[in-house]
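Q: I'm new to this structure and would like a close look at just one part of it. Could you pick a small sheet and walk me through what is around it?

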Amino acid sequence: MAPAGGGNIKVVVRVRPFNGREIDRGSKCIVEMKDNQTVLTTPDGHGGKGAKTEGPKTFAFDRSYWSFDKAAGNYAEQSHLFDDLGKPLLDNAFQGYNNCIFAYGQTGSGKSYSMMGYGKEIGIIPMICQDMFTRINGIQADDATTKCTVEVSYLEIYNERVRDLLNPSTKGNLKVREHPSTGPYVEDLAKLVVGSFQEIENLMDEGNKARTVAATNMNETSSRSHAVFTLMLTQKKYDAETKMEMEKVAKISLVDLAGSERANSTGATGARLKEGAEINRSLSTLGRVIAALADLSTGAAKKKKGGSQVPYRDSVLTWLLKDSLGGNSMTAMIAAISPADINYDETLSTLRYADSAKRIKNHAVINEDANARMIRELKEELALLRSKLGGGSTGLGGAPVPADEIYDENTPLEKQMVSITNADGTVKKVSKAEIAEQLSQSEKLLTDLNQTWEQKLQKTEEIHKEREAALEELGISIEKGFIGLHTPKKMPHLVNLSDDPLLAEPTFD
């Protein structure tokens, strides 16, 4: 995952062992992995009789996982994926960032195995769920003021139609909407509250059974739909000092894409062929979105005519993944490939696809209440200012600053200069008098932000009474919305008794 705050999409590639079909056809392994590099060798005779054999193609990714041969010393288990992608994802989620992992590759390349797993070899999704509840239990045991809740949703996109895998009552096509603050969402999608990993595991099992699968020549359990498993992690912390409940929400999207495929390889006909066309159409749209986002990140879009337009709405899949691909999310991609020479074209296509994805830059922000964020930042600022007045020497975020001069006790605050480190790292000199004034202002602002609704109502009522008393002192009374005149109790005055209503108001010397 990218470091907190955003960065490029993290891209990893994983190669699986030969399957039965490849062994029967006497396939040769054309993939090599050296550290983070993946080398693809062109098979002999590729491109037809007399075609010139191309040299090997080398790609560099964040990680290359060799899962072809279990006897190899560098063999990558399911746990390796979780350590490199799952743990950083959870670190980010508990800080309040949105996260996404999606698996891409041809049919039968091992996407579902990496994401969900089979049998006892569980994939990255169950591992993330297990570890999330372990962390939640630890947090709540250590801190009684923090409460964590988890909601789960599971959907599939089949032939450009969205179906809820957890709610059998919504059998029709669910509509995808977009809200200015929350981004794209699925209307009427069930969000189920879960309290343990066992509950999530049961929901995953039910959802997986409901998923649309069909046999093709390449894969007997080929997923014919894109599946999006979403976790909503909400952390509520009660602050005794401010008497407020601060909330952080993180959305974790785990996406198992349908396999890209060629009709002549899969032997698809009829409904299967139509499905394949829809799958390839949505994946090609995803490819165009990734290419457009990569151009935007590198500045190449400015050189292209109309290149700044990202075609999110061209497919349901890209519209739903809008935030994950180019918005407020930390995103990782698992590119799953076959080692066999008979799948050279599909493998090369997947590696090129992944290569363009790694150029995308995302800009993730913490999803916390704006008022809570202001209070947190003000409290940090107050701690810094108080330390400065007391002679401390720390900057914002605890950064050390150059030691301040020592002044005599009788030196006025205006002449006592101290160093302050700004958020951008620059150091400026200010007087202690300025710090005292800023401290006073910040304390007032923090007090205002900390007020509860009841306190605000009480203050409004007090101000209203003070205003009425002041008007009454001037000889003006307000009763049930009617403004009238009466003799002021203390102030000397003259009253104009003219019949002209415009002149009937008090006059003072």
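**A three-stranded sheet and its neighbour**

A: Let's start with one pair of strands: E3 and strand E4 (residues 37-40) run antiparallel and are joined by four bridges. Keep in mind as you look around that this is a predicted model. For a spot to find by eye, try Met 33, which sits opposite Thr 38 in E4.

Now step back to the whole sheet. It's an open one made of three strands, ordered E3-E4-E5, with antiparallel pairing. Strand E3 (31-34) and strand E5 (57-60) are the edge strands, each pairing on one side only. On average, neighbouring strands in this sheet are turned by 20° against each other, if you ignore direction.

Next, look for the helix that goes with this sheet. H10 lies across E4 and E5, and its direction makes an angle of about 35° with E5. H10 covers residues 344-357, and the loop leading from strand E19 (330-337) to this helix holds Asn 343.

Asn 343 is worth a pause. Is Asn 343 buried or exposed? Asn 343 counts as buried because its relative accessibility is 2%, and the cut-off for buried is under 20%. The side chain of Asn 343 also has a partner: a polar contact of 2.8 Å links it to the side chain of Glu 22.

So that's the tour: begin at the E3 and E4 pair with its four bridges, move over to H10 lying across E4 and E5, and finish at Asn 343 in the loop before H10.

Methods: Residues numbered from 1 in each chain as written. Predicted model: local features only at pLDDT ≥ 70, side-chain atom pairs only at ≥ 80, totals over all residues. Heavy atoms only, no water. Helix = DSSP H or I, 4+ residues; strand = E, 2+ residues; numbered from the N terminus. Buried < 20%, exposed > 50% of the residue type's maximum accessible area, 1.4 Å probe, protein only. Polar contact = N/O pair within 3.5 Å; in protein donor to acceptor, adjacent residues only side chain to side chain. Pairing = 2+ DSSP bridges. Axes fitted to C-alpha atoms, helices over the stretch in contact; angles between N-to-C directions. Contact = heavy atoms within 4.5 Å.
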